[in-house]
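Here are my notes on this one, written as numbered points. Keep the structure open beside you and find each residue as you go.

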Amino acid sequence: MKTDANKAKKKTFNLTPYGNAERLVANYGDDILYCNDWKGWLIWKGNRWERDKTNEIMRMAKKTIRDIEKEAEYVPNEERLGILKHAQKSETKRQLDDMIS
């Protein structure tokens, strides 16, 4: 995969599920594709797209949320706590589902 978890640090994102979805795309956008006809995700495997039968998209989403803590390293102290609280709140199943839906 061509992912780079550091890409998200180069941009600021809203502290919302949509902002989390943007983080996911920033980190994994070259390797994920949602197929509306199949109502599911495809994952790039280096030479072809495969249906996500192992819930890899959720693992990518969880990693993206964990990487929000790294974003906090690059902001002023007064903003850091809000970002860390958002990261913790975003670990719930509902927030993760919202991120990839």
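1. Start with how H1 and H2 sit against each other. Their axes are 9 Å apart and meet at an angle of about 105 degrees. Angles of 65 to 115 degrees count as roughly perpendicular, so H1 and H2 get that label. Bear in mind throughout that this is a predicted model.

2. Who makes that contact? On the H1 side, look for Asn20, Arg23, Leu24, Asn27 and Tyr28. On the H2 side, the residues are Ile57, Met60, Ala61, Lys63, Thr64 and Ile65. Sorted by character, the contact has six nonpolar, three polar and two charged residues.

3. Now stay with H2, which covers residues 56-66. Which of its residues are buried? They are Glu56, Ile57, Met58, Met60, Ala61, Thr64 and Ile65. The cover over them comes from several elements, including helices H1, H3, H4 and H5 and strands S1 and S2.

4. Next, the greasy part. In soluble globular proteins, nonpolar side chains tend to be buried together. Here the largest nonpolar core has 18 residues, and the members touching the most others are Leu24, Ile32, Ile57, Met60, Ala61 and Ile100. At least two core residues come from each of H1, S2, H2, H4 and H5. H2 gives the most, with five.

5. Ile57 is a nice residue to click on. Skip its neighbours within four places in sequence, and Ile57 is still in contact with Leu24, Ile32, Trp41, Ile43, Asp52 and Ile100.

6. On to charges. Side chains of opposite charge can pair when their charged atoms come close. How many salt bridges turn up in the whole structure? The search finds seven. One of them joins Glu71 and Arg23, with the closest N and O atoms 2.6 Å apart. Glu71 is in helix H3 and Arg23 in helix H1, so this pair ties together parts 48 residues apart in sequence.

7. Are the two partners in that pair buried or exposed? Buried means under 20% relative accessible area. Glu71 has 10%, so it is buried, and Arg23, at 1%, counts as buried too.

8. A second salt bridge pairs Lys45 with Glu56, the closest N and O atoms being 3.0 Å apart. Lys45 is in the loop between S2 and S3 while Glu56 is in helix H2, and the two are eleven residues apart. Lys45 is partly exposed at 37% relative accessible area, whereas Glu56 is buried at 14%.

9. A third one to find is Lys70 with Asp67, where the closest N and O atoms are 3.1 Å apart. Lys70 is partly exposed, at 34%, and Asp67 is buried, at 6%. Through shared salt-bridge partners, Lys63, Asp67 and Lys70 form one network. You have already met Lys63 in the contact of H1 with H2.

10. Last, a backbone detail. Most residues other than glycine have a negative phi. Which way does Lys39 go, positive or negative? Its phi is positive, near 55 degrees. Lys39 is in the loop between S1 and S2 and is exposed, with a relative accessible area of 61%. Asn55 also has a positive phi, near 60 degrees. You will find Asn55 in the loop between S3 and H2, partly exposed at 40%.

Note on methods. Residues numbered from 1 in each chain as written. Predicted model: local features only at pLDDT ≥ 70, side-chain atom pairs only at ≥ 80, totals over all residues. Heavy atoms only, no water. Buried < 20%, exposed > 50% of the residue type's maximum accessible area, 1.4 Å probe, protein only. Helix = DSSP H or I, 4+ residues; strand = E, 2+ residues; numbered from the N terminus. Contact = heavy atoms within 4.5 Å. Salt bridge = Lys/Arg side-chain N within 4 Å of Asp/Glu carboxyl O. Core = buried A, V, L, I, M, F, W, Y, C linked by side-chain atoms within 4.5 Å. Axes fitted to C-alpha atoms, helices over the stretch in contact; angles between N-to-C directions. Parallel < 35°, antiparallel > 145°, perpendicular 65-115°, else oblique. Nonpolar A, V, L, I, M, F, W, Y, C, P; charged D, E, K, R; others polar.
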